[in-house]
Protein chains: 2
Amino acid sequence: MAEQAGTLRRTPLSRDRILRAAVALADEAGIESLSMRNLAQELGVVPMALYKHVANKDELLDGMIDVIVGEIEPLVPGADWQQTLRRRILSARQVLRRHLWAPLAIESRNMATPAVLAYLDSMVGTLRAGGLSADLAHHVMHALGSRILGFSQELFDASRQAGRSGATEPEPAAGLPPEAAARFPHLAEIATAASHDDGSVVGQGCDDQFEFEFALDLLLDGIERLRQQGWRSAHRPG
Amino acid sequence: MAEQAGTLRRTPLSRDRILRAAVALADEAGIESLSMRNLAQELGVVPMALYKHVANKDELLDGMIDVIVGEIEPLVPGADWQQTLRRRILSARQVLRRHLWAPLAIESRNMATPAVLAYLDSMVGTLRAGGLSADLAHHVMHALGSRILGFSQELFDASRQAGRSGATEPEPAAGLPPEAAARFPHLAEIATAASHDDGSVVGQGCDDQFEFEFALDLLLDGIERLRQQGWRSAHRPG
DNA sequence: ACCTGAACACCGTTCAAGT
DNA sequence: ACCTGAACACCGTTCAAGT
């Protein structure tokens, strides 16, 4: 679309409009394409105009993180703590799947924007209301880590080994390339072993959603067991 | 130290020397200070000289990751799978604590260098030798995620809320700032609740090592329980 | 054939000159 | 007072000119 100068004035710039445009740009073109200059051009504006609304690029990233945290399903009370946490975390995961740049952005930032803190605070509230001690709740928050926001650092993705970034690639089959399979026999074995539903999906690659829920439930079940046992953290060696 | 030209020739450039210098530079000045130009200057060399030994910056980062993976304690057989994994993962954690830039570098890369794959392969070998099915081992690798390499994404660090990067800061006390504590009461409560050894450390902040081991053991214990039960992943809904 | 300076196409951000 | 072009101090990488 060609720029129409003069006749049609663009909607005025605002912090909110900048943040939404930044999120959209990162969604479509990847975080590495998100520069102040690119963003300004996308908005039909001179780069310096952005600096009236965000102090610098770091603040822009913080604002973008707040935008996506705002997309997470709000707290719905009524169920037990496990179900409440589980549902909200899986909602966060759905959000993160729309914004693949977010994990990297979150890790690169120093974190702790008010919106993230509010989210974490409500999660702790759920734990406390569920009967966990403050002590246990503290450790649980650490143990869940980034999973609370719906993502996890996956080192292990047998299929991708030399591919490019590909935010929009449709999962290019599974299994290791032959020469890698020869060097790493254990990886080769388990790469094809992810028979999630009775073997019908063998070789088709693994189900991210299943893996996420598997790990999440492993943690939640272990935590509930500790809660039932009245666990206390006074067992340091030394 | 002033440059001595002519009389003393520098040791010749090599891929290995470049990688070690890059790791040292990232350790000392942070990953954001690691540029091809800075690195070249550190080595007393013109920037273009680096490109004879590494194709580009991405390959440099991959090489750096391989260097630190090489620092992880090799496999020592003899113990059960839990002890073997636990020891190696805690060794990896010690390595990562010397190279604070590594998690971000690992996340920013597409991963799967041969050295990382070899490490993962040997970890899977430990699981299989310990009696886990290939199926379960697959899910376990996903569930452990970056913890296999000794780090985890911690969203939750109650103390740091507005501080700067600070790779060398000595942990600036604990507890939330007063105004944050008022807005986020649950966070405030658990921030001071990390009484790791019988209350004597209350208020001093939390023990990263304890939190890491807590989460790791929660996972390992849960996995061992599944193994004992002969768990199989055929219970998908639908 | 090898090495390397200059150049290219970018960054985030400052600053002073225009209105 | 506000806006913005040019400029500054960087990037990673290419390329052609030097030896």
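For sorting residues I count Ala, Val, Leu, Ile, Met, Phe, Trp, Tyr, Cys and Pro as nonpolar, Asp, Glu, Lys and Arg as charged, and the others, Gly among them, as polar. I also note at the start that what I am reading is a predicted model.

**Entry 1: the surface near DNA strand C**

With those classes in hand I sorted the residues of the surface near DNA strand C, and they divide into 6 nonpolar, 3 polar and 4 charged. I found that 13 residues surround this strand, and that the closest are Ser35(A), Met36(A), Arg37(A), Tyr51(A) and Lys57(A). I then asked which helix of chain A gives the most to the surface near DNA strand C. It is helix α2, residues 36-42, which supplies 3 residues.

Next I looked at which parts of the strand face the protein, and I noted that, of the atoms of DNA strand C within 4 Å of the protein, 49% belong to sugar or phosphate and the rest to bases. Single atom pairs show both kinds of partner. On the phosphate side, a polar backbone atom of Met36(A) is 3.0 Å from a phosphate oxygen of DNA strand C, and a polar side-chain atom of Asn38(A) lies 3.4 Å from a phosphate oxygen of that strand. On the base side, I found a polar side-chain atom of Arg37(A) at 2.3 Å from a base nitrogen of DNA strand C.

**Entry 2: the surface near DNA strand D**

I turned to chain B and looked up DNA strand D, which 13 residues surround, with Ser35(B), Met36(B), Arg37(B), Tyr51(B) and Lys57(B) the closest. By class I wrote down 6 nonpolar, 3 polar and 4 charged residues for this surface, and helix α2 (residues 36-42) of chain B gives the most to it, with 3 residues. Of the atoms of DNA strand D within 4 Å of the protein, 49% are part of sugar or phosphate, while the rest are part of bases.

For the atom pairs, I noted a polar side-chain atom of Ser35(B) that lies 3.2 Å from a phosphate oxygen of DNA strand D, and an N or O atom in the side chain of Asn38(B) that is 3.5 Å from a phosphate oxygen of the strand. The side chain of Arg37(B) has an N or O atom 2.3 Å from a base nitrogen of DNA strand D.

**Entry 3: chain A as a whole**

I stepped back to chain A, whose secondary structure comes to 10 helices and 0 strands. Of its 238 residues, 47% count as buried. I also checked how far apart in sequence the contacting residues are: among contacts in chain A between residues at least 6 apart, 66% join residues at least 24 apart.

**Entry 4: helix α7 of chain A**

How many of the residues of helix α7 (residues 134-144) of chain A are buried? I counted 11 of its 11, so by the cut-off each of them has under 20% relative accessible area. Among them are Asp135(A), His138(A), His139(A) and His142(A), alongside residues such as Leu136(A) and Val140(A). I then looked for what covers them, and found that the buried residues of α7(A) pack against α4 (81-98), α6 (114-129) and α10 (208-228) of chain A, together with α9 (185-191) and α10 (208-228) of chain B. Just after this helix, I noted that Gly145(A) takes a positive phi of about 55 degrees.

**Entry 5: where chain B meets chain A**

The partners of α7(A) in chain B led me to the contact between the two chains, which takes 74 residues from chain B and 74 residues from chain A. The area buried between them is about 6800 Å², and carbon and sulfur atoms give 63% of that area. I found 18 residue pairs in polar contact between chain B and chain A. On the side of chain B that touches chain A, α5 (102-108), α6, α7 (134-144), α9 and α10 each supply at least two residues, and the residues of that side divide into 38 nonpolar, 18 polar and 18 charged. The count of salt bridges between the chains is 2, and I looked up one of them, in which the side chains of Arg128(B) and Glu189(A) meet at 2.6 Å, N to O.

**Entry 6: Ser122(B)**

My last look was at Ser122(B), which is found in helix α6 (residues 114-129) of chain B. Why does Ser122(B) count as buried? It does so because its relative accessibility is 19%, and the cut-off for buried is under 20%. The side chain of Ser122(B) makes a polar contact with the side chain of Arg88(B), at 2.7 Å.

Notes
Residues are numbered from 1 along each chain as its sequence is written. Chains are lettered from A and ligands numbered from 1 in the order in which they are written. This is a predicted model: local features need pLDDT of at least 70, side-chain atom pairs count only at pLDDT 80 or more; totals for chains, interfaces and linings use all residues. Side-chain values use heavy atoms; hydrogens and water are left out. Buried means under 20% relative accessible area, exposed over 50%, partly exposed in between (1.4 Å probe, protein chains only). Helices (H or I, at least four residues) and strands (E, at least two) are DSSP runs, numbered from the N terminus. Contact means heavy atoms within 4.5 Å. A residue is near a molecule or strand if one of its heavy atoms lies within 4 Å of it. A polar contact is a pair of N or O atoms within 3.5 Å; within protein, one must be able to donate a hydrogen and the other to accept it, and residues adjacent in sequence count only if both atoms are side-chain atoms. Buried area is the accessible area (1.4 Å probe) that two parts lose on being put together, summed over both. A salt bridge is a side-chain nitrogen of Lys or Arg within 4 Å of a carboxyl oxygen of Asp or Glu.
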